Amino acid sequence: MTSSVYVLEYHLVNYRRTWRSSALSTLVLPLLTMLGFGLGVGAYVKSGVDGTAYLDWIVPGLIASTAAQTALGEATWPVLSSFEWLKVYFAQAAAPLRVTDILGGHLAFMMFRVLVSTIAFLLVAAAFGTLRSGWTLAVLPLSVLVGFSVAAPVVAYTASIRVDSYLAILFRFAVLPMTLFSGVFFPIEALPGPLRWLAWALPLSHGVDLTRAATLGLNPGVAGLWQALYLLAWCVTGWFLARWRFERRLVI
Amino acid sequence: MIKRFGDFTAVDGIDVDVQAGEAFGFLGPNGAGKSSTMRMIGCVSPPTDGVLEILGMDPRRDGSAIRARLGVCPQLDNLDAELTVRENLVTYARFFGISRATARRRADELLDFVQLGERADSKTEPLSGGMKRRLTIARALVNEPDIVLLDEPTTGLDPQARHLVWERLFRLKQQGVTLVLTTHYMDEAEQLCDRLVVMDGGKIVAEGSPRELIERHSTREVVELRFTAEDQGMYGEKLDGVADRVEVLPDRVLLYADDGDYALAEVHRRSLSPASALVRRAGLEDVFLQLTGRTLVD
């Protein structure tokens with residue numbers, strides 16, 4: 001456990017080099033998406049969604065989606081590089097660290113990145129006055145839940161490939177549909193049956209629902225509990241898959 | 001000790017005993033099983049079969065505790081290219097639970113030791129091959145290890161960098177650190193190793209000190225002859241008996257004899273006039289080629 005903190009520390013030292021450039025995009029991206037979708041598209045959605053103004057409705061979806069995107073970004077190229085290009089995992093494996101420390105420390109850093117971009121988004125959203133409830137604070141743990149549920153299985157996937165063209169496939173055939181169909185921009189009910197089931201199967205849709213309940217101050221009810229548990233199942237399964245793949249690569 | 005990957009046996013039952021404070025070498029051509037052996041000793045690769053004990057511990061059970069007392073310099077540098085030279089050492093020291101202050105102090109000492117002190121704050125990426133190698137060696141020393149594992153420590157370095165690395169490794173040895181290294185450079189093995197084994201095809205084919213191996217597997221001296229004729233092969237017969245062993249290569253003929261000058265005189269007595277002749281002491285390279293053959297292994 002303590003050893004994974006050292007791994008987290010290593011990633012933070014690395015992040016210190018790039019945080020300025022990434023901080024800018026972390027703030028600008030939510031601003032642009034809110035202006036583009038919230039105000040631009042929102043102007044045509046006069047009636048709002050389920051009685052909520054379109055901007056207020058879309059912001060929590062965008063937050064959950066940003067958490068997932070940040071997690072995905074960290075769980076793909078950096079992981080592949082640590083195995084194939086910079087090979088830092090192999091250097092770490094030669095130290096007293098165990099596979100769980102190496103994996104756990106890197107995932108902890110990914111969650112740190114998720115939190116940073118979530119907080120940035122919340123600040124921008126607060127400036128637009130779209131956060132309606134004190135429950136908004138629950139968005140922080142929720143974003144980690146969403147981030148981990150996506151990051152863990154994707155880390156397992158990345159640990160199983162050798163070239164980055166497989167990452168392009170992942171983004172085209174898994175990430176893009178997940179982002180589009182998970183109720184971020186429009187209600188899932190608008191989708192035809194099979195796509196609706198796909199949306200429910202993937203983790204992001206549940207994260208969007210829970211985040212939306214938090215910022216709008218709605219009661220997610222028992223269904224919300226099941227959704228959180230479903231995300232947790234993705235986290236746990238993803239963790240074990242990732243650990244298995246890491247052991248296959250690092251202990252040979 | 002045995003290591004198998006599926007049907008392929010990389011290390012086929014080797015038996016090695018390294019004493020504390022010793023410099024021990026694994027020699028062999030590519031694919032001999034040296035790196036697989038090193039990974040097993042480094043506790044990142046469990047042996048398929050056999051017994052392995054390091055510092056009195058069992059890697060299967062105490063891998064982490066053993067690795068805490070090892071320094072590993074892998075064949076390919078796996079430094080973090082994006083961090084500075086010092087950050088590479090400090091972050092790595094932290095993996096051993098070394099406090100930040102101690103890590104920074106030790107990093108500075110080690111950078112002086114490998115003559116990289118002036119580059120402490122520059123990025124690692126643009127360093128030359130020799131500098132990266134020295135930094136990797138410095139990183140292997142951050143935990144003040146009892147055993148340092150070096151997998152081909154000077155492959156790809158220019159002569160200046162090689163000699164600097166050798167000198168630093170020699171100083172470590174003098175400090176009582178156990179060195180375990182692989183190499184296919186014979187001069188490196190002769191420079192550094194108290195004792196070594198020659199591996200081929202996953203097996204040990206010879207064992208001893210460099211001197212013992214030369215005495216056992218080669219003559220004291222070697223005469224290298226070059227003839228002007230295209231085909232050196234025809235000289236094989238004519239030279240029969242001038243030395244203990246005659247080896248005809250495409251470009252030259254080697255005579256293995258305890259007295260090289262005497263053998264060369266014998267060549268001249270037979271009215272053979274090579275274009276050039278060189279009498280030299282036999283080295284580990286002769287032993288190595290004798291034991292592992294001249295066929296190229298890729």
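**Exercise 1. A helix and its surroundings**

How many of the residues of helix 3 (residues 85-94) of chain B are buried? Work this out in the predicted model, and then find what the buried residues pack against.

*Solution.* Start with the criterion, by which a residue is buried if 20 or more other C-beta atoms lie within 10 Å of its own. Applied along helix 3 of chain B, this criterion marks 10 of its 10 residues as buried, and the helix is mostly covered. The list runs from Val85(B) to Arg94(B), and it holds, among them, Arg86(B) and Glu87(B) as well as Leu89(B) and Val90(B). In the next step, look at the partners: the buried residues of helix 3 pack against helix 4 (100-113) and helix 5 (129-140) of chain B, together with helix 1 of chain A.

**Exercise 2. Where the two chains touch**

Determine how many residues of each chain are in contact, and describe the side that chain A contributes.

*Solution.* Counting contacts between the chains, one finds 21 residues of chain A that meet 19 residues of chain B. On the side of chain A that touches chain B, helix 1 (2-40) and helix 4 (88-94) of chain A each supply at least two residues. Sorting the residues of this side by kind gives 15 nonpolar, 2 polar and 4 charged.

**Exercise 3. The make-up of chain A**

Describe chain A by its elements, and decide whether it is as compact as a globular protein of its length or not.

*Solution.* Begin with the elements, which are 10 helices and 0 strands. Then compare the radius of gyration of chain A, 18 Å, with the 18 Å that the globule rule gives for 252 residues; the two are close, so chain A is as compact as a globular protein of that length. Along its principal axes, the C-alpha trace of chain A spans about 60 × 40 × 35 Å. Of the 252 residues of chain A, 47% count as buried. As a further step, consider the contacts in chain A with a separation of 6 or more, of which 81% are between residues 24 or more positions apart. Finally, turn to the record: UniProt, in an unreviewed entry, lists "domain: ABC transmembrane type-2" at residues 21-249 of chain A. Over that range the chain is 77% helix and 0% strand, with its end C-alpha atoms 32 Å apart.

**Exercise 4. The make-up of chain B**

Describe chain B in a similar way, and state how far apart the centres of its two domains lie.

*Solution.* Chain B has 11 helices and 12 strands, and its C-alpha atoms fill a box of roughly 75 × 45 × 35 Å along the principal axes. Of its 298 residues, 43% count as buried, and residues 24 or more positions apart account for 69% of the contacts with a separation of 6 or more. The domain assignment divides chain B into domain 1 (2-214) and domain 2 (219-282), and the C-alpha centres of these domains lie 40 Å apart. UniProt, again in an unreviewed entry, places "domain: ABC transporter" at residues 2-226 of chain B. Over those residues the chain is 37% helix and 21% strand, and the end C-alpha atoms are 44 Å apart.

**Exercise 5. A strand with two partners**

Which strands of chain B pair with strand 11 of chain B, and in which sense?

*Solution.* Take strand 9 (residues 221-226) to begin with: it pairs with strand 11 in the antiparallel sense over 5 bridges. Strand 10 (residues 245-248) also runs antiparallel to strand 11, and 4 bridges join them. Strand 10 and strand 11 form a hairpin, with 4 residues between them. One residue of strand 11 helps to follow the pairing, since Val253(B) has Leu225(B) opposite it and also Val248(B) opposite it. To finish, 4 of the 5 residues of strand 11 (residues 253-257) are buried, so this strand is largely enclosed by the rest of the structure.

**Exercise 6. Two residues with positive phi**

Locate Leu55(B) and Ser271(B), and decide for each whether it is exposed or partly exposed.

*Solution.* Leu55(B), which is not a glycine, has a positive phi near 55 degrees. Leu55(B) sits in the loop between helix 1 (34-41) and helix 2 (59-67) of chain B, and, because 15 other C-beta atoms lie within 10 Å, it is partly exposed. Ser271(B), likewise a residue other than glycine, has a positive phi near 65 degrees. Its place is the loop between helix 10 (260-269) and strand 12 (276-281) of chain B. Because Ser271(B) has 7 C-beta neighbours inside 10 Å, it counts as exposed.

Technical notes
Residues numbered from 1 in each chain as written. Chains lettered and ligands numbered in written order. Predicted model: local features only at pLDDT ≥ 70, side-chain atom pairs only at ≥ 80, totals over all residues. UniProt positions renumbered as here; feature names shortened; annotations may be inferred. Domains from an automatic or database assignment. Buried ≥ 20, exposed ≤ 12 C-beta atoms within 10 Å, placed from the backbone. Rg over C-alpha atoms; globule rule 2.2 N^0.38 Å. Contact = placed C-beta atoms within 7 Å. Nonpolar A, V, L, I, M, F, W, Y, C, P; charged D, E, K, R; others polar. Pairing = 2+ DSSP bridges.
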